[in-house]
Amino acid sequence: MSSVIESIETLLVDLPTIRPHKLSMTTMACQTMVIVRMRHSDGIEGLGEGTTIGGLTYGPESPESIKTNIDAYLAPLLIGQPSGNVHALRARLNRQARGNAIAKSALETALLDAQGKRLGLSVADLLGGARQTHLPVLWTLASGDTQKDIDEALLRLEQRRHCDFKLKIGANPVDQDVRHVAAIKEALGDRASVRVDVNQAWDESTAVRGIQALQDAGIELIEQAIPAREHAGLIRLANRFNVPMLADEAVQDARDGLDLVAGGFSGAFALKIAKSGGLHGVLELAHVAQAAGIGLYGGTLLEGSIGTTASLHAWATLPEMAWGTEMFGPLLLKDDIVAEPLNYREFGVDLPQGAGLGITLDEDKLAHYARR
Ligand SMILES: O=C(O)C[C@H]1C=CC(=O)O1
Ligand SMILES: [Mn+2]
């Protein structure tokens, strides 16, 4: 008899960050992940992760809402269903539950992990096969202090850990932010690509002033300068400047991507499994971008090792991404809940091998960090 989904357990796991991570909307000292353990009648367990940033400061789902909504609404839709048809299960969830993209992404990850283990294939294999097994990874400088950021970047360069850096700005007045960014770019010179993420903090006229100065300072990419829903404004900025715009919060899924393209956007899209409700959804967005000549960027919501690995399996199926990836989440955390951490080397990370995600939990660490 074929396998069915037997139980779905969700755990809130709190891991401290290696340093305060200062973003335009919040400063993080800890990351909370929702870990999904999905058990099937054939004895296989699938792992998933749903993670956001800073409670409700980043988006409409919080770690607690992700857990509650899986427990109360989404898990009951899956339990007792045949394990193996991921598309049928996605459709079932989407028919009965609106939104909740992060929760759905965690569940789809667990389904794919289990199906891969069942068939002896990696998640990338299930998605058609990996085109890359080593992916570039940038580092985000967000200590809140210019000199500390410069020292951190120089160390990462020296270690051959990262050579692309994203600076989180938008919490301070625009001129102060521009001075901070320009000082870092000046210190790193041609050794590094420097980009900024404003996380929606500016209005359009502030953005015009800020982006002009950042372009003059040699910044290579401007991420989400204005609020997510201001698609027309983002398209105007993309057409006004030479430095490309990276749409992040503005582009959740393929539908948003199509609207931006149809409106005349050019530049790049940040792909995140969490925004698009999972790996298949994010690849649909990637395909819209590819058809429209929009650059690809493998994005993160600062997931731990499970969510980061799931994303890597999706990115691995794509051709080389124009702007690389930011799959550094596990490096921002002081500890890990997996037995074998991801291998970061040579300015990038290796795609884990093995069936499913290719990840094993460290049960002691999980028990230690799980919220009681
Ligand atoms: O891009 C975001 O908005 C989220 C995130 C990615 C890196 C980081 O530091 O925060
Ligand atoms: Mn962003």
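**Strand pairing and helix packing in the predicted model**

In the hairpin of β2 and β3, 4 residues lie between the strands, and G43 adopts a positive phi near 90 degrees. The model is a predicted one. Strand β2 covers residues 27-40 and is joined to β3 by 7 bridges. The two strands run antiparallel. Within this pairing, V34 of the hairpin stands opposite G50 in β3.

Strand β3 spans residues 45-51. Of its 7 residues, 7 are buried, so the strand is largely enclosed by the rest of the structure. Its side chains alternate in direction. E45, L47, E49 and T51 point one way from β3. G46, G48 and G50 point the other way. Both sets are buried. G50, the residue opposite V34, thus belongs to the glycine set.

Strand β2 also pairs with β1, which comprises residues 5-22. Here 13 bridges join the strands, again in the antiparallel sense. β1 and β2 form a hairpin, with 4 residues between them. One of the bridge pairs is H21 with M28, the latter in β2. T10 is separated from T68 by 58 residues along the chain, yet their C-alpha atoms are 8.8 Å apart. T68 is located in helix α1, residues 63-78. The relative accessible area of T68 is 45%, so this residue is partly exposed.

Helix α2 (residues 86-96) packs on helix α3 (residues 101-119). Their axes come within 11 Å and cross at roughly 160 degrees. This angle makes α2 roughly antiparallel to α3. The crossing is right-handed. From α2, the contact involves V86, L89, R90, L93 and N94. From α3, K104, L107, E108, L111 and L112 take part. By class, the residues of this contact divide into 6 nonpolar, 1 polar and 3 charged.

E108 merits separate description. This residue lies in helix α3. E108 is buried, with a relative accessible area of 2%. Neighbours within four places in sequence aside, E108 touches V86 and R90, both of which belong to α2. The remaining contacts of E108 are G277, G278, L279 and H280. Helix α11, residues 279-292, includes L279 and H280.

A second pairing system is an open sheet of 7 strands. Their order is β5-β6-β7-β8-β9-β10-β11, and the pairing is parallel. β5 (139-141) and β11 (295-298) stand at the edges. Each has a single partner strand, so one side of each is left without a neighbour in the sheet. At the β5 edge, the partner is β6, residues 164-168. These two strands pair in the parallel sense over 3 bridges. W139 has F165 in β6 as its bridge partner. In general, strands of a sheet pair through backbone hydrogen bonds, either parallel or antiparallel.

Two further helix pairs were examined. Helix α7 (residues 204-216) packs against helix α8 (residues 231-240) at an angle of about 25 degrees. The axes of α7 and α8 are 11 Å apart. The angle makes α7 roughly parallel to α8. Their crossing is right-handed. On the α7 side, E204, A207, V208 and I211 form the contact. On the α8 side, the residues are G233, R236, L237 and R240. The contact of α7 with α8 contains 4 nonpolar, 1 polar and 3 charged residues.

Helix α9 (residues 254-262) and helix α11 (residues 279-292) form the other pair. They pack at about 20 degrees, and their axes are 8 Å apart. α9 and α11 are therefore roughly parallel to each other. The crossing of α9 and α11 is right-handed. A254, G257, L258 and V261 of α9 meet E284, L285, V288 and A292 of α11. In this contact of α9 with α11, 6 residues are nonpolar, 1 is polar and 1 is charged.

Key. Residues are numbered from 1 along each chain as its sequence is written. Chains are lettered from A and ligands numbered from 1 in the order in which they are written. This is a predicted model: local features need pLDDT of at least 70, side-chain atom pairs count only at pLDDT 80 or more; totals for chains, interfaces and linings use all residues. Side-chain values use heavy atoms; hydrogens and water are left out. Buried means under 20% relative accessible area, exposed over 50%, partly exposed in between (1.4 Å probe, protein chains only). Two strands pair if DSSP finds at least two bridges between them. Axes are lines fitted to C-alpha atoms, for helices over the stretch in contact, and angles run from 0 to 180 degrees between N-to-C directions. Angles under 35 degrees count as roughly parallel, over 145 as roughly antiparallel, 65 to 115 as roughly perpendicular and the rest as oblique. A crossing is left-handed if the near helix is turned anticlockwise from the far one by less than a right angle, and right-handed if clockwise. Contact means heavy atoms within 4.5 Å. Ala, Val, Leu, Ile, Met, Phe, Trp, Tyr, Cys and Pro count as nonpolar, Asp, Glu, Lys and Arg as charged, and the others, Gly among them, as polar.
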